[in-house]
Amino acid sequence: MAKSSTLSIRVVEGRALPAKDVSGSSDPYCLVKVDDEVVARTATIWRSLSPFWGEEYTVHLPLDFHHLAFYVLDEDTVGHDDIIGKISLSKEAITADPRGIDSWINLSPVDPDAEVQGEVCLEVQVLEDTRGRGLRCHVRQARDLAPRDISGTSDPFARVIWGSQSVETSTIKKTRFPHWDEVLELREAPGTLAPLRVELWDWDMVGKNDFLGMVEFPPQLLLQKPPKGWFRLLPFPRPEEDAGGSLGALRLKVRLTEDQVLPSRYYQPLMELLLESVQAPDEEDTTSPLAVLEELTYGDCRQDLATKLVKLFLGQGLAGPFLDYLTRREVARTTDPNTLFRSNSLASKSMEQFMKLVGMRYLHEVLKPVVSRVFEEKKYMELDPCRMGLGRTRRISFKGTLSEEQVRETSLGLLTGYLGTIVDAIVGSVGRCPLSLRLAFKQLQRCVEERFPGAEHQDVKYLATSGFLFLRFFAPAILTPKLFDLRDQHADPQTSRSLLLLAKAVQSIGNLGQQLGQGKERWMAPLHPFLLRSIARVREFLEQLVDVDACEEAGGPSRALVPPSVIVREGLMLKRKEEPASLATRFAFKKRYFRLSGESLSYSKSPEWQVHSSIPVSHIRAVERVDEGAFQLPHVMQVVTQDDTGALHTTYLQCKNVNDLNQWLSALRKASAPNQDKLTSCHPGAFRGGRWTCCHQAERSAEGCSRTHSAVTLGDWSDPLDPDGEVQMVYRQLLLGRDQLRMKFLDDSSLDTAPELDAREDSSTADGSCPEVLTRQRAAAAHLLQVLEDLHQAHEEFQQQGQVAP
């Protein structure tokens, strides 16, 4: 049995942040850290004290993490960024409510003495002899200490305090991974046994030493179970300082999911029920797992479940039947075609997640060029007279301030120019749209046409498709391109307004003009002629989109969402081999264009060049960060590989920013996840000048001084399929409705009690229901409950036996 732990994080917005710039504003961004490791950085929101980010992250991580922290900083173009404040959440605080955290939380000041990290390795013995009681503390080493010096390292020493005595180790210069291997002995006067405290400090030649962390052991523990091993460093105990809201607040959504995934054979009965639901659906289906899940899930949980279900059925080659099953149930319940798929039902969320899972590359091909143009050209566009800043129009004219009418005409020309490019790209993309997506839309249109066949509903089938493709896919991506990986940063206020106008226009086209001229935004009227001309082209595009042979297989059986040969990530990085170079450190890094697939990490001098060399993914043994002090460069990672002779080789790669670094780390770790013989430790430094820069060991082959982090990855649309993990989440959701299902169909009696069963059938018949249908539903409910009970029992047995896979 394997264990998994997933953090779902959403940094929504901030409010009332303090001004850090002379302009009276700030340029805030957030760093997200798990146990002092940066896992994400939001985009910077320029000139705002109430920023909106809306950025989501899914972090897969080990079960033994301790805390999650959010740091808000003000970006400065010159000098260091200013720290505004932080929010620290312990694992216990996150799990206190099963639904997680969804609230505004005040920022607290950042206390340097509380910013500790890392671990220390100790072995303690309490001695009794003729001289009395003594204590021997073997201070072996420490790892991942906080950097306190400008070089990105520290000069650590340890201080051991027992009662009234204290003794210190030697100081090891310029390292965050010191190896002391010193035995310190202390004597205590007769009397009560005192607690033991070990403090780590950074030695400074000028000024006071900086605190690095401490561990403390009570007297009872020293006698009963003397400490031996690695211990997490803690800050000095002190009450949490409340800033009273003076530093502002963040609105956060955080949920931790910890689960135990059983071996595949235990999920087979539930998997068979799920597949049976879509392969041979019952007309009166109310007890299948999918029907029960529709009633049980809400909100964010429904979106997560939809993603898992889509991936599960993709892996079985049944994504089309699954979506068709949910679509038919949704359409059958809908009486007003104007409300079709407008709610966040399981059917709507599943189709939405399906588009992201199989259509993200298609989205990028269609929209990225025009979205990049809008960002780069920064044209001023505005149609709403209430929002026009006529004084800013000098940017678009050398003739002084323009009138409102002139601004409107100029903006109209720019908007229609961009919209024309967008519409051309969309209607010309039929051949690039994934086959599985086209087949899903074909089934969707057929189902809607059967439900609403009248001439007065001839547009409903188009609206159903365009509602997903335009309103839930294209328009949101134009509005917030950062959230769809179309851009690295959020737009500035002016560009954001331009994107909003374009997204509104695309929504109107997706609605086939049904709401043109309605509502409060009458100022959009100048765009209406262009929108009306585009609608006919969109109808033709939607017809062509579903003109595909339904016999062709889509989403066939596969254990990977992306085939091994497909590029899952690409981009420029700086590369350096591990061998010493005669050039200075910075110039030893060469710019190369990298492409990662499930088979290899290849690189060349530019995207157009033929591949110069490649690293087989099967050879990767570790992918880890590198300390800034190793090369005096930020955002560096290392890829450790093993050749056919068993020798290890390291390639160093520098990324352009921390988000790029995290995404490459995640992609490489996921691609190499099936590899055997992964390294459990590595050196976060480099071997230079005859020693490791991290721990100062002189042997190149010396054992690594830091743990590896292969389990820490970021979830995204290209994640490999995980059938067992996906069915496990489905099981957990069904387990929540176990009692509800039993009460609805089985009451408190047994199915094999004939008189009671007959009485229930008679009463059902009196209500107009069919006894045969009710009997079948009860049998199906009993079967599902038995499957859930068997899984529940298997979980408990594994828990008791402690069978946990590493």
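Q: Which strands stand at the edges of the open sheet of 4 strands?
A: In this predicted model, the sheet has the order β12-β9-β8-β15, with antiparallel pairing. A strand at the edge has a single partner strand, so one side of it is left without a neighbour in the sheet. That description fits β12 (179-188) and β15 (228-232).

Q: Which residue in β12 stands opposite His138?
A: Let's look at one pairing in that sheet. Strand β9 (residues 132-143) runs antiparallel to β12, and 8 bridges link the pair. Across from His138, the residue in β12 is Val183.

Q: Which residue in β14 does Arg197 stand opposite?
A: Strand β13 (residues 196-202) is joined to β14 by 7 bridges, and the two run antiparallel. Strand β14 spans residues 210-217, and 6 of its 8 residues are buried. The residue in β14 that stands opposite Arg197 is Glu216.

Q: Which helix gives the largest share of the largest nonpolar core?
A: Nonpolar side chains tend to be buried together in soluble globular proteins. Here the largest such core holds 118 residues, and among the members that touch the most others are Phe313, Phe470 and Phe541. Phe541, for instance, is in contact with residues including Tyr362, Leu469 and Phe470. The largest share of this core, 16 residues, comes from helix α7 (residues 346-377).

Q: At which residue does helix α10 bend?
A: Helix α10 covers residues 460-479, and 18 of its 20 residues are buried. Its bend is about 40 degrees, and the residue where this happens is Ser466.

Note on methods. Residues numbered from 1 in each chain as written. Predicted model: local features only at pLDDT ≥ 70, side-chain atom pairs only at ≥ 80, totals over all residues. Heavy atoms only, no water. Bend = angle between axes of the 7 residues up to and from the residue. Buried < 20%, exposed > 50% of the residue type's maximum accessible area, 1.4 Å probe, protein only. Pairing = 2+ DSSP bridges. Core = buried A, V, L, I, M, F, W, Y, C linked by side-chain atoms within 4.5 Å. Contact = heavy atoms within 4.5 Å. Lists of a residue's contacts leave out its neighbours within four places in sequence.
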